[in-house]
Each structure stands twice: as structure tokens, then as C-alpha cells.
Amino acid sequence: MAVASKCLQAASSMGRYSLGKLTPSQVYATAMRQSHAHVFRKRPGQLIVNRIKDVAHFYFVGIGILPVFLCMAYNHIVHGACELQEYPTEGPPPHYWQFERTPVRQWWAKHFGLSDIEHHERNLAYFTKQAIVQRWRQIEQRVRHLEGERWDYQAWNYQPVSATWIDYGRWHALRLRDQYEQHGHYTF
């Protein structure tokens with residue numbers, strides 16, 4: 001142990017002697033050479049940005065745009081454009097989707113689209129319902145106006161009381177009337 005302490009003192013004095021001869025610029029250069037470069041540099045996080053780019057690329061290009069483009073290109077190359085034909089006078093009448101211009105539009109109209117007849121019927125049903133609702137609102141507005149004018153109330157809002165509850169209330173009133181002890185019954 002004594003030997004180690006003597007060696008340590010000699011090494012420290014020798015280090016002080018050798019470093020004492022250095023000028024400040026040389027000390028700084030020595031310190032820079034003995035250190036290492038920054039391994040982990042601080043920079044803004046990119047996890048969320050990269051995730052958004054990955055998800056957008058997957059859903060828009062991988063699932064959305066590219067397969068649809070390939071399907072449409074195949075359909076255009078194989079089938080081509082539709083040709084205008086005469087309206088058939090014999091046989092069954094053509095379907096509504098057969099009047100579309102391209103095979104893609106025909107397929108879409110056949111499986112997902114609405115026919116003109118169905119569209120018209122839906123519009124008629126919607127406008128009929130809107131007319132009924134509008135008439136109801138007019139009637140309700142007229143009723144509210146007359147109630148305010150005549151200081152009236154909605155008599156049809158009265159809810160009848162069940163006879164069972166009336167009988168129970170009468171029984172409870174008679175029980176309370178016939179009680180002799182005001183604070184409760186005590187039995188031993």
C-alpha cells in the first residue's frame with residue numbers, strides 16, 4: 001500500500017510538471033483529442049412524423065390508389081369502352097345499369113348504385129315525410145298560440161291515477177288515524 005501511494009504521488013507530480021509547460025490552447029487541444037465525439041446528438045423527434053407518413057402511404061397507395069388504378073387499367077385494356085347500341089324492341093327491357101358509359105360504371109351502378117326509379121321513389125318518400133313533419137309543426141305552433149291566447153293548458157297531458165294507489169293511500173291514512181302511539185309501536 002505504501003508503494004502505491006508513493007507511485008501515485010510521483011505520477012501526479014510528473015503530470016503537473018508536464019501539464020504546467022502547456023499553454024491554454026495546447027491544454028484545450030489535448031482535452032479535445034482525449035475526448036470522444038457526441039454519440040447521441042439532440043434532435044427533434046421524428047417518430048410521429050414517420051408514423052403518419054407510413055400510415056398514409058399504406059392506406060392511400062398500398063390499399064387505395066394503386067389497386068384501384070390497376071383494376072381500372074385492366075378493365076380498360078381488356079374490355080375497352082362501351083359501344084352505343086339500338087334500344088331493343090324484342091325481349092326483356094334493358095336494366096338501368098346498362099345505360100352507363102364504361103364497364104366500370106356499369107359494374108358500380110349494378111352493385112352499388114341506385115336506379116333512376118329508386119332515386120325518384122326515395123325523393124318522393126323524403127318530401128312526403130317532410131310535408132307531414134311541417135304540417136305537425138304548424139299544428140303544434142297553432143296549439144301553443146291558442147294556449148297562450150286563452151290561458152289554457154294541454155288537458156290531454158293528464159295521466160290517470162291507478163285505483164290501486166288510491167286504495168293504498170286510503171289504507172295508509174286510516175292506519176295513521178287509528179294509531180294510538182304517535183312515535184311507533186313498541187312490543188315486548
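**Close-up views of a nonpolar patch and aromatic pairs**

**View 1. Leucine 66 and its surroundings in the predicted model.** Leucine 66 has a relative accessible area of 43% and is therefore classed as partly exposed, since that class covers values between 20% and 50%. This leucine belongs to helix α3, which spans residues 47-78. Together with Phe60, Val61, Ile65, Phe69 and Leu70, Leu66 makes a nonpolar surface patch of about 620 Å².

**View 2. The ring pair of tryptophan 107 and phenylalanine 112.** The model holds 8 aromatic pairs by the ring-centre rule. In one of them, the ring centres of tryptophan 107 and phenylalanine 112 lie 5.6 Å apart with the planes at 75°, and the pair is edge-to-face because this angle is over 60 degrees. Tryptophan 107 is partly exposed, at a relative accessible area of 47%, whereas phenylalanine 112 reaches 52% and so counts as exposed. Ring pairs also bring in Trp108, so that Trp107, Trp108 and Phe112 are linked into a cluster.

**View 3. The ring pair of tryptophan 165 and tyrosine 168 in helix α6.** Here the centres of the two rings, those of tryptophan 165 and tyrosine 168, are 6.1 Å apart and their planes stand at 90°, which makes this pair edge-to-face. Both residues lie in helix α6, formed by residues 163-177, and they are separated by 3 residues, about one turn of the helix. Tryptophan 165 is exposed, with a relative accessible area of 60%, while tyrosine 168, at 44% relative accessibility, is partly exposed.

Notes. Residues are numbered from 1 along each chain as its sequence is written. This is a predicted model: local features need pLDDT of at least 70, side-chain atom pairs count only at pLDDT 80 or more; totals for chains, interfaces and linings use all residues. Side-chain values use heavy atoms; hydrogens and water are left out. Patches are made of residues with over 30% relative accessible area and no salt bridge: like charges are joined within 9 Å, nonpolar side chains (Val, Leu, Ile, Met, Phe, Trp, Tyr) within 5 Å. Accessible areas come from the Shrake-Rupley method with a 1.4 Å probe; for residues, only the protein chains shown count as cover. A salt bridge is a side-chain nitrogen of Lys or Arg within 4 Å of a carboxyl oxygen of Asp or Glu. Helices (H or I, at least four residues) and strands (E, at least two) are DSSP runs, numbered from the N terminus. Buried means under 20% relative accessible area, exposed over 50%, partly exposed in between (1.4 Å probe, protein chains only). Rings of Phe, Tyr and Trp (its six-membered ring) pair if their centres lie within 6.5 Å; planes under 30 degrees apart count as stacked, over 60 as edge-to-face and the rest as tilted.
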